[in-house]
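Biologist: Before we begin, please show me the sequence and the coordinates under discussion. I should then like to put a series of questions to you.

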Amino acid sequence: MTSPTEAPERARTHEPHPYIGGRDAALRALTAWRTERPGAPRVVILTGSPGTGCSRLLTGFLMLCDPEYRKGLELDALDPATVPPDLPAPAVPSVAGLTAAQILWLLADHYGLSATRTADIFPELGQLPLSGRPVTLVLPDVDRAGPVRGAGEPAHVVRDVLKPLAAVESLRLLADVPREFAVELAEGLPPGVARFIDLDAPEWADPEGLALQAETLLDPQFGRTGRRQGRTCAMTSRDTPWRPVCSPGSSPTPACSPTPIRCGCAPP
């Protein structure tokens with residue numbers, strides 16, 4: 001029996017994600033997208049007010065998507081519904097500071113396309129999955145697009161890059177966009193193709209997960225380095241981007257790839 005003055009110990013089924021607290025519902029939705037199963041959404045539109053954690057959520061999700069990075073995580077301790085399948089890492093072009101046209105040519109160079117006009121890039125991307133595997137793109141931080149902040153480049157990226165990409169049926173897209181463009185991005189897509197994740201909406205809140213994350217971080221066994229019971233959690237953030245990682249088919253360049261495109265996360 002438990003003494004009336006003692007609270008019963010809470011059963012802990014799964015460990016929290018080593019980087020994210022309170023977003024298990026969103027992680028499960030992103031994992032469903034990554035499974036590539038029939039019926040899973042092909043396009044996921046992530047949005048939220050500034051400070052809601054879209055960038056942090058994508059960082060934690062991409063940790064689980066990179067085959068090399070996930071070797072350093074104890075996946076069996078996590079909720080299986082939040083762990084993506086072991087697939088090749090998605091391409092993650094960094095759009096910060098780039099124009100819509102620059103992003104398109106970045107993709108063309110990464111995939112070795114022969115396009116000479118931006119309009120030709122989209123059909124060529126649609127012809128890439130000859131091996132049966134779809135092209136998978138993650139575009140974070142669209143709000144940071146453009147060499148001059150406040151000049152309206154994120155709108156051009158949504159209309160001239162993301163909407164045509166979303167229309168390519170063989171391509172799977174996950175994009176982090178400002179809320180004012182989220183609905184516009186999904187317009188014209190067949191029902192069931194796109195899914196919204198608005199981190200301000202109550203359905204994506206996870207107070208129990210947030211409490212578990214706080215409890216874990218406050219555990220004396222969990223040091224400042226993120227080490228607990230022999231595990232190490234390497235953390236990254238919006239201000240400390242991953243090093244570029246080459247993927248099969250990417251153009252060989254000095255130091256792997258100096259262009260702002262990466263394929264998942266590179267362990268530090």
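The exchange below concerns strands, helices, salt bridges and selected residues of this predicted model.

Biologist: Is strand E1 mostly covered or mostly open, and how many of its residues are buried?

Modeller: Both faces of E1 are covered. On one side Val43, Ile45 and Thr47 are buried, and on the other Val44 and Leu46 are buried. E1, residues 43-47, is thus mostly covered, and the number of buried residues is 5 of 5.

Biologist: In which sense does E1 pair with E5, and over how many bridges?

Modeller: One position in this pairing is Thr47, which stands opposite Asp198 in E5. E1 and E5 pair in the parallel sense, over 5 bridges.

Biologist: Which residue of E4 stands opposite Ile45?

Modeller: E1 and E4 run parallel and are joined by 4 bridges. Within E4, the residue opposite Ile45 is Ala175.

Biologist: Is Asp176 buried or exposed?

Modeller: Asp176 is placed in strand E4. Beyond residues up to four places away in sequence, Asp176 touches Leu46, Cys54, Ser55, Leu58, Leu139, Pro140, Asp141 and Val142. Its relative accessibility is 7%, and the limit for burial is under 20%, so Asp176 counts as buried.

Biologist: Cys54 is among those contacts. How many disulfides does a search of the whole structure find?

Modeller: Cys54 counts as buried, at 8% relative accessibility. Cys65 is likewise assigned to the buried class, at 2%. For a disulfide, two cysteine sulfur atoms must lie within 2.5 Å. The search of the whole structure finds a number of disulfides equal to 0.

Biologist: At roughly what angle do the axes of H3 and H5 cross?

Modeller: Two packed helices are described by the angle between their axes and the distance between the axes. For H3 (residues 100-110) and H5 (residues 153-167), the axes come within 8 Å. Their crossing angle is roughly 35°.

Biologist: How do the residues of the contact of H3 with H5 divide into nonpolar, polar and charged?

Modeller: From H3, the contact involves Ala100, Ile103, Leu104 and Leu107. These meet Glu153, His156, Val157, Asp160, Val161 and Leu165 in H5. The division is 7 nonpolar, 1 polar and 2 charged.

Biologist: Which elements are included in what covers the buried residues of H4?

Modeller: The buried residues in H4 are Ile121, Phe122, Glu124 and Leu125. Their cover includes H3, E3, H5 and strand E4.

Biologist: Which residue forms a salt bridge with Glu184?

Modeller: Side chains of opposite charge can pair when their charged atoms come close. Here the closest N and O atoms are 2.7 Å apart. The pair links distant parts of the chain, with Glu184 in helix H6 and its partner in helix H5, 25 residues apart. The partner is partly exposed at 43% relative accessibility, and its name is Arg159.

Biologist: Which residues are joined into one network with Arg179 by salt bridges that share partners?

Modeller: The side chains of Asp198 and Arg179 meet in a salt bridge, with an N to O distance of 2.8 Å. Since Asp198 lies in strand E5 and Arg179 in helix H6, this pair ties together parts that are 19 residues apart in sequence. Relative accessible areas of 22% for Asp198 and 34% for Arg179 place each in the partly exposed class. Through shared partners, Arg179 is joined into one network with Asp198 and Asp200.

Biologist: How many salt bridges does the count come to?

Modeller: A further example is the pair of Arg117 and Asp120, whose side chains meet at 2.9 Å, N to O. The count comes to 8 salt bridges.

Biologist: What distance separates the C-alpha atoms of Pro134 and Arg172?

Modeller: Pro134 lies in the loop between helix H4 and strand E3, and is partly exposed at 24% relative accessibility. Leaving aside neighbours within four places in sequence, Pro134 is in contact with Glu36, Pro129, Ser170 and Arg172. Pro134 and Arg172 are 38 residues apart along the chain, and their C-alpha atoms are separated by 6.7 Å.

Biologist: How far apart in space are His17 and Gly60, C-alpha to C-alpha?

Modeller: His17 lies in the segment before helix H1 and is buried, with a relative accessible area of 5%. His17 and Gly60 are 43 residues apart in sequence, and their C-alpha separation in space is 7.7 Å.

Definitions and conventions. Residues numbered from 1 in each chain as written. Predicted model: local features only at pLDDT ≥ 70, side-chain atom pairs only at ≥ 80, totals over all residues. Heavy atoms only, no water. Helix = DSSP H or I, 4+ residues; strand = E, 2+ residues; numbered from the N terminus. Buried < 20%, exposed > 50% of the residue type's maximum accessible area, 1.4 Å probe, protein only. Contact = heavy atoms within 4.5 Å. Axes fitted to C-alpha atoms, helices over the stretch in contact; angles between N-to-C directions. Nonpolar A, V, L, I, M, F, W, Y, C, P; charged D, E, K, R; others polar. Salt bridge = Lys/Arg side-chain N within 4 Å of Asp/Glu carboxyl O. Pairing = 2+ DSSP bridges.
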